[in-house]
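User: I'd like to learn how to read a fold from its coordinates. Could you walk me through it, one feature at a time?

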Amino acid sequence: MERIWTGVLIRAATFGWAMADESFMPILNYKALGFAGRLAVSIAVISLAVACSSDNANVKGLSEGDADKLNAQHSQFDSAEDPPISPDTFVAAAELAQAQDNPPLAIAQYQKALAINPKHRRATYGLAMLYTNMKDYDLATAGWEKYVDLTDGSAAAYANLGYCQELAGHPEAAEAAYKKGIAADAQSVPCRVNYGLMLARRGQVAEATLQWQAVLTPGEVHYNLASVYERQGRKEQAKVEYKKALELEPDMNDARTRLGALEGGGL
């Protein structure tokens, strides 16, 4: 199932991503640690037990019998085969690397996940997002096209593909992707809004308005148009649209703030 993440999509008139609503798996568990990890945990547990001894007795050396038992257990650890690491573990590691601003490591971890399961949706999504942010649009486009396939042509996937193609400087391909997304879901907010923004920047205001009216309130339509005008340096037209937005929705604080900035002071 896909959920739409709008973020500042409407009010700031910026592009938004449609994010995968995949369930997150734990990064590690004891069985997946391998011998070295399990041994480290075992040592930590033994140390904690010694430190918390109720009678605070001095630690004594192991008897020969106890030593033999530990050696036998050690041999069992050595002979046991470690279970394979699941792709979800690599994806979790990739997401951690992203949070730590380490794209190369994140890419490597996503690729490991996809080596195990080439159809892993979360890994495909994360890798495509990374390539897009890195402005490697060829790899990003290929990733989003794969994501479209993995989601059976969902509107959310087409929205991301269109956004990437627009960033890459391919407006015709972006338009085609947005239209496919709208055909899949006529109420797709990312497709409608991003397509409308693209049309408005090209001067196709009537067409842009039609796209926005399908999913936004009248005030939000004027706000988006004002934002496009403002970014293009058309300040007077932007002020007119911000005022229309406020007439329709007086509580739209973003419009009030931006109009105030254009007029050189607060309202």
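User: Let's start with helix α8. How many residues does α8 have, and what span does it reach from its first C-alpha to its last?

Analyst: Bear in mind that this is a predicted model. The usual check on a helix is to compare its end-to-end span with the one expected at 1.5 Å a residue. Helix α8 covers residues 171-184, which is 14 residues, and it reaches 20 Å, close to the expected 20 Å.

User: Which residues of α8 are buried?

Analyst: Here the idea is to look for a pattern around the axis. The buried ones are A174, E175, A177, Y178, G181 and I182. Looking down the axis of α8, you find these buried residues within an arc of 160 degrees, so they line one face of the helix. As for the general idea, an α-helix has 3.6 residues a turn, so residues three or four places apart point the same way.

User: Which exposed residues sit on the face of α8 turned away from the buried side?

Analyst: That face carries E172 and A183, both exposed.

User: And what covers the buried residues of α8?

Analyst: For that, you list the contacts and see which elements they belong to. The cover includes α7 (155-167), α9 (189-201) and α10 (205-213).

User: Now charged pairs. How many salt bridges does the structure hold?

Analyst: There are eight salt bridges in the structure. The criterion is a side-chain nitrogen of Lys or Arg within 4 Å of a carboxyl oxygen of Asp or Glu. One of them joins the side chains of E166 and R201, with an N to O distance of 2.2 Å. This pair links distant parts of the chain, since E166 is in helix α7 and R201 is in helix α9, 35 residues apart.

User: Is E166 buried or exposed?

Analyst: Anything under 20% relative accessible area is called buried. E166 has 15%, so it is buried. Its partner R201 comes out at 36%, so R201 counts as partly exposed.

User: Where in the chain do K239 and E236 sit, and how far apart are they?

Analyst: With a pair like this, look at the sequence separation as well as the distance. K239 and E236 are both in helix α12 (residues 235-248), three residues apart, so about one helical turn separates them. Their closest N and O atoms are 3.1 Å apart, and they form a salt bridge. K239 is buried at 16% relative accessible area, whereas E236 is exposed at 55%.

User: What is the N to O distance in the salt bridge of E241 and K244?

Analyst: The side chains of E241 and K244 meet at 3.9 Å, N to O. That pair is in helix α12 too, and a spacing of three residues puts E241 and K244 about one helical turn apart. E241 is buried, with a relative accessible area of 9%, while K244 is partly exposed at 34%. Salt bridges can also share partners, and here that joins E175, K179 and R202 into one network. You've met E175 already, among the buried residues of α8.

User: Next, cysteines. How many disulfides does a search of the whole structure find?

Analyst: The search finds zero disulfides. You can still ask where a cysteine sits. C164 is buried at 0% relative accessibility, and C191 is buried at 0% as well.

User: What about the backbone? Which sign does the phi of D101 have?

Analyst: When you scan the backbone angles, flag a positive phi at a residue that isn't a glycine, then look up its place in the fold. D101 is such a case, with a positive phi of about 60 degrees. D101 is in the loop between α3 (87-99) and α4 (103-116), and its relative accessible area of 64% makes it exposed. K135 also has a positive phi, about 65 degrees, and it is not a glycine. You'll find K135 in the loop between α5 (121-133) and α6 (137-150). At 61% relative accessible area, K135 is exposed.

User: Finally, zoom out for me. How many helices and strands does the chain have?

Analyst: For the whole chain, you count elements, then check burial, contacts and surface. There are 13 helices and two strands. Of the 267 residues in the chain, 40% are buried. Among contacts with a separation of 6 or more, 51% are between residues 24 or more positions apart. The chain exposes about 14,800 Å², with carbon and sulfur atoms supplying 56% of it.

Terms used:
Residues are numbered from 1 along each chain as its sequence is written. This is a predicted model: local features need pLDDT of at least 70, side-chain atom pairs count only at pLDDT 80 or more; totals for chains, interfaces and linings use all residues. Side-chain values use heavy atoms; hydrogens and water are left out. Helices (H or I, at least four residues) and strands (E, at least two) are DSSP runs, numbered from the N terminus. Buried means under 20% relative accessible area, exposed over 50%, partly exposed in between (1.4 Å probe, protein chains only). Contact means heavy atoms within 4.5 Å. Accessible areas come from the Shrake-Rupley method with a 1.4 Å probe; for residues, only the protein chains shown count as cover. The expected span of a helix is 1.5 Å times one less than its number of residues. The arc is that of the directions from the helix axis to the C-beta atoms. A disulfide is a pair of cysteine sulfur atoms within 2.5 Å.
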